Structure formats: C-alpha cells, structure tokens
Amino acid sequence: GMPDEGLVILKRLIECYLRQAKFQQAEELIANAGPAAKTDPILLILTAQAAAGSKNMEGARRALDQAVAVDPENFLVYYKRAEFTSADPTLNRDTESDLQQALKLKPDLTIARRMLAIRASRIASSRFRRERHASRIQ
C-alpha cells in the first residue's frame, strides 16, 4: 500500500478537487489510492462526496456504508452518512439512527444534536398541520 504520509497528501489533493467540483479528477486520484480506498474511512467519505458530486447516489451510499463497516467506532462515518441520507425523506429512520449513533460515540457533537432537534420539530409541525386540516374537514 501507500505510506501514511503519501495518503495524507493524497487526501488533501482529493479535498482540493472536491472543493473545485472536479469530481472526475477526485475519482481518478481515489482509484490510484490502492487498497486504502476500500479500508480508510476518510477516503471512503471522500469517495462518497465525489460520487454524489457526479450524481452517482448509489455509489455514494455504497461508499458511506463501507465507511461505517470498516470503522464502526468512528462518529464521523455515521454523521457523514446521516448528512447524505437527510436529503431523502424516505430515509428518515436511517438518518435519525445514524445521528443517534454519532452522538453516542461523540456526545459533544452539537451539530448532530441540532439536526435531530430540527428533524423532530419538522415532523411535529407537519403532524400538527395534518391534524388541524383534518379537524377543519369534519
């Protein structure tokens, strides 16, 4: 594999490409990372970001699931997967359980707590609107 120092530099380069929305170049660099691309949680998160940037949502999800599989004690892998699934209302339950797992591993992760709170209030207010609408119909 690649020595650690090379991997650090590679990740920085990939991040630069992602910031510039150069998803193709980012994906090419990831392909050159060798076995680390399948075992390093940060590389897998970057892979997911590159895939999502290229509108490959399935590939993005696969990379995030893999990140969780290789590093299940790392709060970041759950948080990043929650960030990704939070865009899809049908994945509400997945998002919430990932946010809760991230908080279990890192209780001071304020952003995850805030995301959970926002989701809870959004669900409550839509339920309230539905009930108010139903009572008007009767």
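Me: I'm looking at Arg 81 in this predicted model. With which residue does Arg 81 form a salt bridge, and how far apart are the closest N and O atoms?

Reply: Arg 81 forms a salt bridge with Asp 98, and the closest N and O atoms are 2.6 Å apart. Arg 81 sits in helix α6 (residues 75–85) and Asp 98 in helix α7, so this pair ties together parts that are 17 residues apart in sequence.

Me: Is Arg 81 buried or exposed?

Reply: Buried means under 20% relative accessible area. Arg 81 counts as buried because its relative accessibility is 14%, and Asp 98, at 4%, counts as buried too.

Me: Which residues are linked in a network of salt bridges?

Reply: The network links Arg 61, Asp 65, Arg 81, Asp 94 and Asp 98. Within the network, Asp 94 pairs with Arg 61, their closest N and O atoms being 3.6 Å apart. Asp 94 belongs to helix α7 (residues 92–105) and Arg 61 to helix α5 (residues 57–70), so they tie together parts 33 residues apart in sequence. Asp 94 is partly exposed at 30% relative accessibility, and Arg 61 is partly exposed at 23%.

Me: Let's turn to a helix. Which residues of helix α2 are buried?

Reply: In helix α2 (residues 23–31), they are Ala 26, Leu 29 and Ile 30. Looking down the axis of α2, these buried residues fall within an arc of 100°, so they line one face of the helix. Gln 24 and Ala 31 are exposed on the other side.

Me: And where do positive charges gather on the surface?

Reply: Look for the patch made by Arg 127, Arg 129, Arg 130, Arg 132 and Arg 136. Arg 132 is in helix α8 (residues 110–137) and is partly exposed, with a relative accessible area of 41%.

Technical notes. Residues are numbered from 1 along each chain as its sequence is written. This is a predicted model: local features need pLDDT of at least 70, side-chain atom pairs count only at pLDDT 80 or more; totals for chains, interfaces and linings use all residues. Side-chain values use heavy atoms; hydrogens and water are left out. Patches are made of residues with over 30% relative accessible area and no salt bridge: like charges are joined within 9 Å, nonpolar side chains (Val, Leu, Ile, Met, Phe, Trp, Tyr) within 5 Å. Accessible areas come from the Shrake-Rupley method with a 1.4 Å probe; for residues, only the protein chains shown count as cover. A salt bridge is a side-chain nitrogen of Lys or Arg within 4 Å of a carboxyl oxygen of Asp or Glu. Lys and Arg count as positive and Asp and Glu as negative; His and the chain ends are not counted. The place of a charge is taken as NZ of Lys, CZ of Arg, CG of Asp or CD of Glu. Helices (H or I, at least four residues) and strands (E, at least two) are DSSP runs, numbered from the N terminus. Buried means under 20% relative accessible area, exposed over 50%, partly exposed in between (1.4 Å probe, protein chains only). The arc is that of the directions from the helix axis to the C-beta atoms.
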